[in-house]
Amino acid sequence: MSVRIRPLTPHIGGEVEGIDMRRPLTPDDVAAVEAGMDRHAVLVFHDQDVSDEQQVAFSRNFGEIELALGSNVTTDAERRLDVKLADISNLDRENRVLARDDRRRMFNLGNRLWHSDSSFRAVPAKYSLLSARRIPSTGGNTEFADMRAAYDALDDKTKAEIEDLVCEHSLIYSRGQLGFTELSEEEKRTFRPVRQRLVRTHPVTGRRSLFLSSHIGTIVGWPMPEARCFIRDLIEHATQREFVYAHVWRQHDLVMWDNRQTMHRARPFDETREARDMRRTTIAGDAPTVAQEAA
Ligand code: OGA
Ligand code: MN
């Protein structure tokens, strides 16, 4: 069966037909999905009733799995899923909904802010693949914004100004925006800031994009408040409706996105009453975007 992709908006998103993730892909299938990712930056696959193992096997077609370590405040003993899967649910190990004031839940609310996955790691993620195992009766959409279209729409003066800027990213900054500031010394060490270029060039298409994320806390060489105002304006520009695809989940959807060219955010649902079980595999990036400061 051959792969077909239908665009979902003028800029971002494609809906894929002709893939069954429970079976091995042919090299042609893998190439078609990669080409679709390069073009649409977000791909939607419906009716993929996969196990964790099948999701991991499908993901491996696109690179090395980035392990879900150092990305939240859930301890190893509390972990619900294998370390190859990031737990994007509101559930504990016994599949009970987390309490409203549960520290893990409050930390994970950071997903409601626009971000790029693992931009807080020295080598940020390439792709993310999010599988909807169980969805709430209403709400809980995921929105994706096209950072290539956002870059293209900047005026030349702004493009020149940002060309060589480097930002510092950390989970401390995104959670700080939500007033989540109580972190242990060990968590602070784990979440210490990393540097990322603000403008990236896609290795295959050569298109430029804005590497934005709510994990950004400052721009190297700038006063912090000025950097934050500037980044806030850029995020507002980059997330205008015309650059956004809003995904309304169906059970067994799998959505795959390129973190190098997009931002995304979760939308609310009745989180303390309904279960939402989403599981993410992440494909590691291949290099830092900029030399890191000596430790
Ligand atoms: C993620 C994420 C958003 C959502 O999986 O990385 O940010 O809607 N998810 O759950
Ligand atoms: Mn995310």
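Buried here means under 20% relative accessible area, exposed means over 50%, and partly exposed lies in between (1.4 Å probe, protein chains only). Strand β6 is a good place to try this out: T142, F144 and D146 on one side and E143 and A145 on the other are all buried, so both faces are covered. The strands (E, at least two residues) and helices (H or I, at least four) named here are DSSP runs, numbered from the N terminus.

A word on the model before going further. This is a predicted model, in which local features need pLDDT of at least 70, side-chain atom pairs count only at pLDDT 80 or more, and totals for chains, interfaces and linings use all residues. Residues are numbered from 1 along each chain as its sequence is written, chains are lettered from A and ligands numbered from 1 in the order in which they are written, and side-chain values use heavy atoms, with hydrogens and water left out.

**Strands and sheets**

Strand β6 covers residues 142-146, and five of its five residues are buried. Two strands count as paired if DSSP finds at least two bridges between them. β6 has antiparallel pairings with β12 (residues 244-247) and with β14 (residues 262-266). Across these pairings, A145 has V244 as its bridge partner in β12, while D146 has T262 in β14.

An open sheet of seven strands runs in the order β1-β2-β3-β13-β5-β15-β4, with mixed pairing. Because β1 and β4 (86-87) stand at the edges with a single partner strand each, one side of each is left without a neighbour in the sheet. β1 and β2 form a hairpin with six residues between the strands, where G13 takes a positive phi near 100°. Within that hairpin pair, R6 stands opposite E15 in β2. Further along the sheet, S128 stands opposite T282 in β15.

The table collects antiparallel pairs and their bridges.

| Strand pair | Bridges |
|---|---|
| β1 (residues 4-7) and β2 (residues 14-17) | four bridges |
| β6 and β12 (residues 244-247) | four bridges |
| β6 and β14 (residues 262-266) | five bridges |
| β5 and β15 | six bridges |

**The manganese site**

Which residues coordinate the manganese ion (ligand 2)? They are H115 (NE2), D117 (OD) and H264 (NE2), at 2.1 to 2.2 Å. Donors are N, O and S atoms within 2.8 Å of the metal (3.2 Å for Na, K and Ca); water is not among the atoms, so sites may look incomplete. Along the chain, the donors of this ion follow the spacing H-x1-D-x146-H.

H115 counts as buried at 4% relative accessibility, and D117 is buried with a relative accessible area of 4%. Between them in sequence sits S116, which counts as buried at 0% relative accessibility. S116 lies in the loop between α3 (103-108) and β5 (127-134). Leaving aside residues up to four places away in sequence, S116 touches several residues, including F211, H215, N259 and the donor H264; contact means heavy atoms within 4.5 Å. S116 and S184 are 68 residues apart in sequence and 24 Å apart in space, C-alpha to C-alpha.

**Two helices and the cores**

In helix α2 (residues 52-59), the buried residues are D52, Q55, V56, F58 and S59. They cover an arc of only 165° around the axis, which puts them on the same side of α2; the arc is that of the directions from the helix axis to the C-beta atoms. These residues pack against β3 (42-45), β5, β13 (254-258) and β15 (277-282).

Helix α8 (residues 224-238) has A227, F230, I231, L234, I235, H237 and A238 buried. Its buried residues fall within an arc of 160°, so they line one face of the helix. The face turned away carries the exposed residues P225, R232, D233 and E236.

A nonpolar core is a set of buried Ala, Val, Leu, Ile, Met, Phe, Trp, Tyr and Cys residues joined through side-chain atoms within 4.5 Å. The largest one has 25 residues, of which I162, L198, L210, L212 and I231 touch the most other members. Helix α8 gives the most to this core, with six residues. Among the contacts of I231 are C167, L198 and I219. A second, separate core of 22 residues includes I19, M37, L129 and L254.
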